[in-house]
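Reader: Hello! I would enjoy a close look at one part of this protein, with the distances and angles that go with it. Could you take me through a single helix packing and its surroundings?

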Amino acid sequence: PSPRLSRRPASLYVGSVSEMNIDKRDKRLSSLITILQEKSLGPSPSPPPLPSENKSPVPTVRLTHSENFQKQNNSPVISHKMYDGPKLQRTVSLSSPINRRSKKSKLLRWCQIMTDGYDNISITNFSDSFSNGLAFCALLHHFVPEKIPYSTLDPLNQRANFKLAFEVAESIGIPALLDIDDMVSLDVPDWMSVMTYVSYFYNCFTNVSQS
């Protein structure tokens, strides 16, 4: 007897073939989608390299408020570094009040010593102590007695005393800084003008004594 073949319904074979075709189609579609994505987007970027442990970190510079303002306004940044150079020594100016007082006192003391023992002379300042002209004559007589007849001078004759003193002083190189009319008309002479004029006496006679 011929073998018996099992008869399956044709619908079973048709379903198996349809499922296989669908699977193949899905795989092809998935592969096509992957290829299209790679072409349009390009290869996926590689992650940035991690910083090396040997490299030192970049320090962060913090600007002060003034430096930040200068940088925003394109102005040169001014450094506020403290001065670390050699310390400067403070000097006293010759025109300082302390030095002027010491100079005035020294010059006044010199006048008192040079006119010590002269009649009608009492120098305590550079104003009314020189108001009658005798103080100038006494200073000149101390150094050039042959030019000043001091014993014949009158304290009340101011003009004659000033005229004699100024002429003798100019003859030995002291400039005529004071005016006779001004000295006679003033009850109290200007102490600064008198002190300046007397300083020329000091410079002249101290240089002569040293030489």
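Author: What follows is a walk through one helix pair, its aromatic rings and a few places elsewhere in the chain. Please keep in mind that this is a predicted model.

Let's begin with the overall picture. The protein has seven helices and zero strands, and along the sequence this reads as α-α-α-α-α-α-α. Of its 211 residues, 23% are buried. Among the contacts with a separation of 6 or more, 52% are between residues 24 or more positions apart.

The part I would pick is the packing of helix H4 (residues 134-143) against helix H5 (residues 158-171). Their axes are 8 Å apart and meet at an angle of about 35°, and the crossing of H4 and H5 is left-handed. Which residues of the two helices make the contact? On the H4 side they are Leu 134, Phe 136, Cys 137 and Leu 140. From H5 come Asn 161, Phe 162, Ala 165, Phe 166, Val 168 and Ala 169. Sorted by type, the contact of H4 with H5 has nine nonpolar residues, one polar and no charged. As background for reading such lists, an α-helix has 3.6 residues a turn, so residues three or four places apart point the same way.

How enclosed is H4 itself? Seven of the 10 residues of H4 are buried, so this helix is largely enclosed by the rest of the structure. The buried residues of H4 are Leu 134, Ala 135, Phe 136, Cys 137, Ala 138, Leu 139 and Leu 140.

Now to the rings, which I suspect you were waiting for. A pair of aromatic rings is described by the distance of the centres and the angle of the planes. Counting pairs whose centres lie within 6.5 Å, the model has 14 aromatic pairs. One of them joins Phe 136 and Phe 162: their centres are 6.3 Å apart. Why is this pair called tilted? The planes of the Phe 136 and Phe 162 rings are at 55°, and tilted pairs are those that are neither under 30 degrees, which would be stacked, nor over 60, which would be edge-to-face. The pair links distant parts of the chain, with Phe 136 in helix H4 and Phe 162 in helix H5, 26 residues apart. Phe 136 has 0% relative accessibility and counts as buried, and Phe 162 is buried with a relative accessible area of 0%.

These two rings also belong to a cluster linked by ring pairs. Its members are Trp 110, Phe 126, Phe 130, Phe 136, Phe 143, Phe 162, Phe 166, Tyr 197, Phe 201, Tyr 202 and Phe 205. Phe 166 and Phe 162 also appear in the contact of H5 with H4.

Another ring feature involves a charge: the charged end of Lys 104 sits over the ring of Trp 191, 4.0 Å from its centre.

Two further places round off the tour. Asn 120 lies in the loop between helix H3 (97-114) and H4. Its phi is positive, about 60°, although Asn 120 is not a glycine, and Asn 120 is exposed, with a relative accessible area of 55%.

Tyr 200 is found in helix H7 (residues 191-210) and is partly exposed at 36% relative accessible area. Leaving aside residues up to four places away in sequence, Tyr 200 touches Ile 174, Pro 175 and Leu 177. The C-alpha atoms of Tyr 200 and Gly 173 are 9.3 Å apart in space, with the two residues 27 apart in sequence.

Terms used: Residues are numbered from 1 along each chain as its sequence is written. This is a predicted model: local features need pLDDT of at least 70, side-chain atom pairs count only at pLDDT 80 or more; totals for chains, interfaces and linings use all residues. Side-chain values use heavy atoms; hydrogens and water are left out. Axes are lines fitted to C-alpha atoms, for helices over the stretch in contact, and angles run from 0 to 180 degrees between N-to-C directions. Helices (H or I, at least four residues) and strands (E, at least two) are DSSP runs, numbered from the N terminus. A crossing is left-handed if the near helix is turned anticlockwise from the far one by less than a right angle, and right-handed if clockwise. Contact means heavy atoms within 4.5 Å. Ala, Val, Leu, Ile, Met, Phe, Trp, Tyr, Cys and Pro count as nonpolar, Asp, Glu, Lys and Arg as charged, and the others, Gly among them, as polar. Rings of Phe, Tyr and Trp (its six-membered ring) pair if their centres lie within 6.5 Å; planes under 30 degrees apart count as stacked, over 60 as edge-to-face and the rest as tilted. Buried means under 20% relative accessible area, exposed over 50%, partly exposed in between (1.4 Å probe, protein chains only). A charge sits over a ring if NZ of Lys or CZ of Arg is within 6 Å of the ring centre and within 35 degrees of the ring normal.
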